[in-house]
Protein chains: 2
Amino acid sequence: MSLTVVGSVALDTVETPLGKVEEALGGAAVYFSLAASHFTPINLVGVVGEDFPEEHVQLLASRDINLDGLERADGKTFRWTARYHDDVNDRDTLDTQLNVLESFQPKLSDAGKQAPYLFLANIHPGLQLDVLEQSKPKFVGLDSMNLWIDITPDLLKQVLGKVDCLVINDAEARQLTNEHNLPVAARQIHELGPKTVIIKKGEHGCLLFSADGKTFAAPALPLDRVVDPTGAGDTFAGGFMGYIAEQGNTEWETMKKAIVHGTVLASFTCESFGPDSLAAVSREDIARRVAQFETLTRF
Amino acid sequence: MSLTVVGSVALDTVETPLGKVEEALGGAAVYFSLAASHFTPINLVGVVGEDFPEEHVQLLASRDINLDGLERADGKTFRWTARYHDDVNDRDTLDTQLNVLESFQPKLSDAGKQAPYLFLANIHPGLQLDVLEQSKPKFVGLDSMNLWIDITPDLLKQVLGKVDCLVINDAEARQLTNEHNLPVAARQIHELGPKTVIIKKGEHGCLLFSADGKTFAAPALPLDRVVDPTGAGDTFAGGFMGYIAEQGNTEWETMKKAIVHGTVLASFTCESFGPDSLAAVSREDIARRVAQFETLTRF
């Protein structure tokens with residue numbers, strides 16, 4: 001079944017201990033779509049400026065990503081610049097230029113509206129609410145960030161009341177609930193709305209919680225070279241949602257396998273600058289690494 | 001098969017966000033022995049002072065821990081005082097009084113020498129070398145710490161050349177190898193001697209590496225209340241080595257199950273101040289939590 005994602009499309013300049021890339025294709029909706037495109041038809045809703053390179057459009061189109069919802073606005077594309085520490089779980093954002101993202105008003109295309117699965121990547125919670133009013137999906141996933149927890153907590157809680165699944169990192173889960181213990185924080189988030197809570201822990205993997213008390217823990221795949229973790233979280237979410245949309249159900253067994261597929265896809269993203277390696281992998285590469293994950297965790 | 005551990009016996013004063021305990025029974029050899037005693041006959045080699053409470057001796061004896069190697073020296077027992085942060089992966093040591101530990105010269109009892117499995121808990125690497133000269137075990141595990149990596153790196157490398165397995169935390173693995181990436185650091189440690197490397201990551205679980213390229217990842221059990229993590233790492237090592245000694249082999253499948261048993265025992269240790277809950281659990285409690293671990297990770 002098809003899936004729609006609403007979120008940022010960016011040009012990323014990133015420095016890590018292993019090198020640097022300038023103005024690479026990036027943004028949450030991009031990494032999410034590329035990951036999900038391995039599993040299911042995906043509609044990307046976002047905005048770019050007049051300067052957005054045609055080759056990036058072609059890369060997305062080559063993965064059969066529906067770009068009807070990709071608006072081209074007057075002005076420049078959103079730009080993000082960051083530097084990662086030796087501990088690649090840690091980074092400093094050096095510069096953020098919102099540009100066309102500042103006045104972005106997401107509009108779902110017809111295909112976007114009809115998709116039974118929807119993911120609201122990290123944008124202003126007011127815009128996330130707008131999108132929710134444009135469609136009636138069967139299952140909605142949400143990402144957010146520390147900024148919105150800080151400055152628009154009430155609006156964010158309104159959104160949380162309307163979604164099925166929150167994908168969030170450990171620091172954000174703690175900030176949102178003011179609770180350090182992650183299982184307890186997850187239960188508090190269930191009470192705000194989402195019956196499914198996924199807490200991402202970067203290189204330490206993630207935890208999946210259901211409101212009826214089930215928990216699944218997945219380590220990250222240990223990698224010899226983490227070239228650039230930019231987009232790994234969005235890739236993970238795209239793999240997770242894409243797998244669920246492909247399977248067409250949100251049973252617990254499906255959710256767990258979706259977590260594993262998200263984890264595997266995120267590992268590919270970490271192995272190159274930008275989304276190149278993510279875009280290049282085949283379904284066979286994914287299956288091989290899922291088998292590797294199984295070997296890693298089965299006893 | 002029997003197992004010997006050499007390490008500290010302490011009186012711990014610990015404050016965590018959930019409370020405080022004064023002069024509780026502690027020390028690496030104590031947590032290790034209590035954990036291992038669930039699986040196999042265990043010989044504790046350590047030293048206490050004249051002030052060491054008789055009730056602590058009785059607790060250890062009640063778990064059938066052989067105390068022939070527990071020396072009672074003139075002076076006071078080793079004392080350690082620490083305060084944990086809200087993030088219980090983080091703590092400040094407030095006070096360390098070595099007392100009788102300062103002049104400790106471990107002497108293995110006959111039973112201690114004959115045990116085919118030996119664990120050298122964190123003490124001065126010179127003493128660890130002394131112990132290795134007293135016996136010819138089939139499999140030796142080792143723990144160490146940042147202090148010895150800093151001040152006696154050459155001596156520590158001598159010890160590493162003589163042991164089969166290193167159990168170390170992530171920060172120490174990075175410090176020892178000057179390499180941030182954990183799989184790469186593990187390979188460097190293999191080259192120093194240990195064919196088995198276990199990297200502990202606190203609440204994020206652990207990674208097991210074998211020199212022939214196999215990896216196993218185990219999350220920690222998510223706990224609603226982490227009362228006091230003191231001794232969790234030593235408990236983990238005791239559960240790991242105890243399970244291996246019980247099975248009597250170091251096959252990869254055994255190692256993985258041993259990691260799971262160590263993880264499960266460590267979870268009990270975190271649920272109370274001191275070693276009380278660890279000492280009180282039954283083999284059935286352990287089996288139940290191993291099943292819970294399986295549910296947590298199987299997909």
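This passage walks through the relation between the two chains, a sheet and a hairpin in chain B, and one loop residue in chain A.

The model is predicted, with local features requiring pLDDT of at least 70, side-chain atom pairs counting only at pLDDT 80 or more, and totals for chains, interfaces and linings using all residues. Residues are numbered from 1 along each chain as its sequence is written, while chains are lettered from A and ligands numbered from 1 in the order in which they are written.

Chain A superposes on chain B through a rotation of 180 degrees with 0.0 Å of shift along the axis, at an RMSD of 0.0 Å; the fit is by least squares on the C-alpha atoms of residues with pLDDT of at least 70 in both copies. This is the relation of a two-fold axis. Chain A gives 23 residues to the contact and chain B gives 23 residues, where contact means that two C-beta atoms, placed from the backbone, lie within 7 Å. On the side of chain A that touches chain B, at least two residues each come from α8 (182–192), β14 (215–218), α10 (252–269) and α12 (283–297) of chain A; helices (H or I, at least four residues) and strands (E, at least two) are DSSP runs, numbered from the N terminus. That side holds 11 nonpolar, six polar and six charged residues, with Ala, Val, Leu, Ile, Met, Phe, Trp, Tyr, Cys and Pro taken as nonpolar, Asp, Glu, Lys and Arg as charged, and the others, Gly among them, as polar. Because 100% of the interface residues of chain A are also interface residues in chain B, the copies meet through the same surface.

Turning to the strands, chain B has an open, mixed sheet of four strands in the order β3-β2-β7-β8; strands pair if DSSP finds at least two bridges between them. At the edges stand β3 (19–26) and β8 (91–97) of chain B, each with a single partner strand, so one side of each lacks a neighbour in the sheet. Strand β7 (residues 79–84) of chain B runs antiparallel to β8(B), joined by six bridges, and B:R79 stands opposite B:Q97 in β8(B).

A hairpin is found in chain B as well. Four bridges pair β13 (residues 206–210) of chain B with β14 (residues 215–218) of chain B in the antiparallel sense, and B:L208 has B:F216 as its bridge partner in β14(B). Four residues lie between the strands of this hairpin, in which B:G213 takes a positive phi near 95 degrees.

Finally, A:E102 sits in the loop between β8 (91–97) and α3 (110–114) of chain A. A:E102 counts as exposed because it has 11 C-beta neighbours inside 10 Å, the cut-off for exposed being 12 or fewer other C-beta atoms within 10 Å, against 20 or more for buried and partly exposed in between, with C-beta atoms placed from the backbone.
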